[in-house]
Structures are given as structure tokens and as C-alpha cells.
Amino acid sequence: MADVVLDKVTKRFDDGTIAVKEVDLQIADGEFVILVGPSGCGKSTLLNMIAGLEDISSGELRIGGQRVNDREPRERDIAMVFQSYALYPNMTVRENIAFPLKLAKIDKATIDKRVNDSAKLLELTELLDRRPANLSGGQRQRVAMGRAIVRSPQAFLMDEPLSNLDAKLRVQMRTVVARLQKQLGTTMVYVTHDQTEAMTLGDRVVVLRGGAVQQVGKPQALYDN
Ligand code: ADP
Ligand code: ADP
């Protein structure tokens, strides 16, 4: 686990759009930060830069004290969960969750143990031999989370992970997310449109507007006024 520090991080796309503008943000080791703001304010771009899926135009990103601007996504030890689950349709749940460990050439016994531990944490043990087509939306999202946590990443990024679920499932999955973060103690950045998620899940809420940080505070303080 590690802290994540953004120091005047800016993203300028090739067409001149400045999606993220000199963002300063210090996320403590083990902290759960919620990122909110109107559509187009730069939330996804910010997460993508932390994950290494988008280049940083200027400024510095440090994870665990190390500058990582030029590191490949795989070398950043960060896991990301997307709104669209992005599971491999031809693989079983077990194979989906195991995949990042296989890529990392970890031995089979360790893979089996870690997949079973992750599945247990996410209540997926009974579903390990199914394929994604035979799972509900909530189950698929839990598999995506399992695939993310199985590597014990330094930080865990989630981009609107519950947006595709119906209201009832969202309530259930909020509990899963809260429990996951508590048990793993992983540094987490979580993007959402949902005010209830923003108020109940995180330690701190960051409000982005026009690519800049507009407000930072405890959930209660931000939503009380
Ligand atoms: P959010 O996630 O908050 O909805 P995004 O990070 O997706 O916002 O987008 C921030 C801004 O950057 C928007 O104005 C969007 O249109 C723009 N943008 C996103 N991706 C690109 C891109 N590849 N090229 C140019 N502009 C982009
Ligand atoms: P969200 O609001 O959920 O982030 P968007 O509709 O803003 O979704 O973006 C969806 C995808 O389109 C993203 O991959 C983003 O990078 C890309 N995108 C958004 N705006 C632009 C743009 N102006 N030019 C090119 N790509 C864009």
C-alpha cells in the first residue's frame, strides 16, 4: 500500500482540451477518496493518469514516494475497475480473477490460494466455474473487483463501478465496497455521480470542476451546506 500524491498534474489532449488543470492532491496510505463533479470535469482523465492509461502532460505523480509519470500501467501496481466490467467472456470467473496473476507468472499454488481468498471476500466462491454470460450485473461487477484486488495492489481505482446496476443492487454493492476497503485497507480513489455513495463511502470527498479541484472536505461537511 502507498500514498498517492499529485503535484500540479495537468492533462492537455492533442486537440488542445485541458481536461485536468494543475491538480494538487495528497491521498494518504489507506485513505478512501471519493471524486465527484459534473460530467466532463476530468474525473476519468484524472483516474486514467493515476493508472497510467493516459500520459501526464505536466506535473508529477508519486506513488509511495516514487515518481511514476513514465512508468507503464503494469509497473505502477494499481488496479482499476470500470463501469463496464470488461471481463473476458470466454474465461470462467476463476480464470478471470486469476488472469493478472498468470500474466505476472506467479506459481499455481499461490494463484489458487489468492483467487480463493478474493472470491471468499466477494462472496463469489459458488460462482467460480461460471462464465460472465451466466452472471447478474452485480455478480459481474464483483468478479471485476476480484480481478482487481487479487494482486494486492498499492492503490485501487474505481470509475463509477455501480452506475450500471439497478437501485437495489447498488445499495447491496455499496456494502460490498465499504467492507472491501475496510478489510484490505488499500488506498482507494472512487469516482461517482451518486450523492449517497459520496456521503457514505469515503473518508474525504474531492469536488472537481472544469478540471480543477473546487473543494475538498469530509463528506458531511460538504453536503451539510
Ligand atoms: P468526466 O470523467 O468527469 O466526465 P473526462 O475526464 O471524461 O470527464 O473528460 C474531461 C474533459 O476532457 C471533457 O471535456 C472531455 O470532453 C475531454 N476529453 C476526454 N478525453 C478526451 C480525448 N481523448 N481527447 C480530447 N478531449 C478529451
Ligand atoms: P464519462 O463521462 O463516463 O467519462 P465520456 O462520454 O466523457 O464518458 O467519455 C467516453 C470516452 O470518450 C472516454 O474514453 C473519453 O476519453 C473519450 N472522449 C470524451 N470526450 C472526448 C473528446 N472530446 N474527444 C475524444 N475523445 C473523447
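Where is Glu123 found? Select this residue to begin, and you will see that Glu123 sits in the loop between α3 and α4, where helices (H or I, at least four residues) and strands (E, at least two) are DSSP runs numbered from the N terminus. Although it is not a glycine, Glu123 has a positive phi of about 55°, and at 54% relative accessibility the residue counts as exposed; buried means under 20% relative accessible area, exposed over 50% and partly exposed in between, with a 1.4 Å probe and protein chains only.

The model is predicted, so that local features need pLDDT of at least 70 and side-chain atom pairs count only at pLDDT 80 or more, while totals for chains, interfaces and linings use all residues. Residues are numbered from 1 along each chain as its sequence is written, chains are lettered from A and ligands numbered from 1 in the order in which they are written, and side-chain values use heavy atoms, with hydrogens and water left out.

Next, select Lys8 in strand β1 (residues 4-12), another residue that has a positive phi, of about 50°, without being a glycine; Lys8 is partly exposed, with a relative accessible area of 43%.

Now turn to ligand 1 and display the residues near it (those with a heavy atom within 4 Å), among them Phe13, Asp15, Pro38, Lys43 and Thr45. Helix α1 (residues 43-51) supplies the largest share of this shell, three residues. Oxygen atoms of the ligand make polar contacts, that is, pairs of N or O atoms within 3.5 Å: one lies 2.9 Å from a polar side-chain atom of Lys43, one lies 3.2 Å from a backbone N or O atom of Cys41, and one is 2.8 Å from a polar backbone atom of Ser44. On its own, ligand 1 has 560 Å² of accessible area, of which the protein covers 61%, as computed by the Shrake-Rupley method with a 1.4 Å probe.

For the interior, select Ile34, Ile97, Met145, Phe156 and Tyr190, which touch the most other members of the largest nonpolar core, a set of 40 residues; such a core consists of buried Ala, Val, Leu, Ile, Met, Phe, Trp, Tyr and Cys residues joined through side-chain atoms within 4.5 Å. Helix α4 (residues 137-149) gives the most to this core, with five residues. Leaving aside neighbours within four places in sequence, Tyr190 is in contact (heavy atoms within 4.5 Å) with residues including Phe32, Ile34, Met158 and Leu201. A second, separate core of 28 residues includes Leu47, Ala51, Ile56 and Met80.

Notes. Polar contact = N/O pair within 3.5 Å; in protein donor to acceptor, adjacent residues only side chain to side chain.
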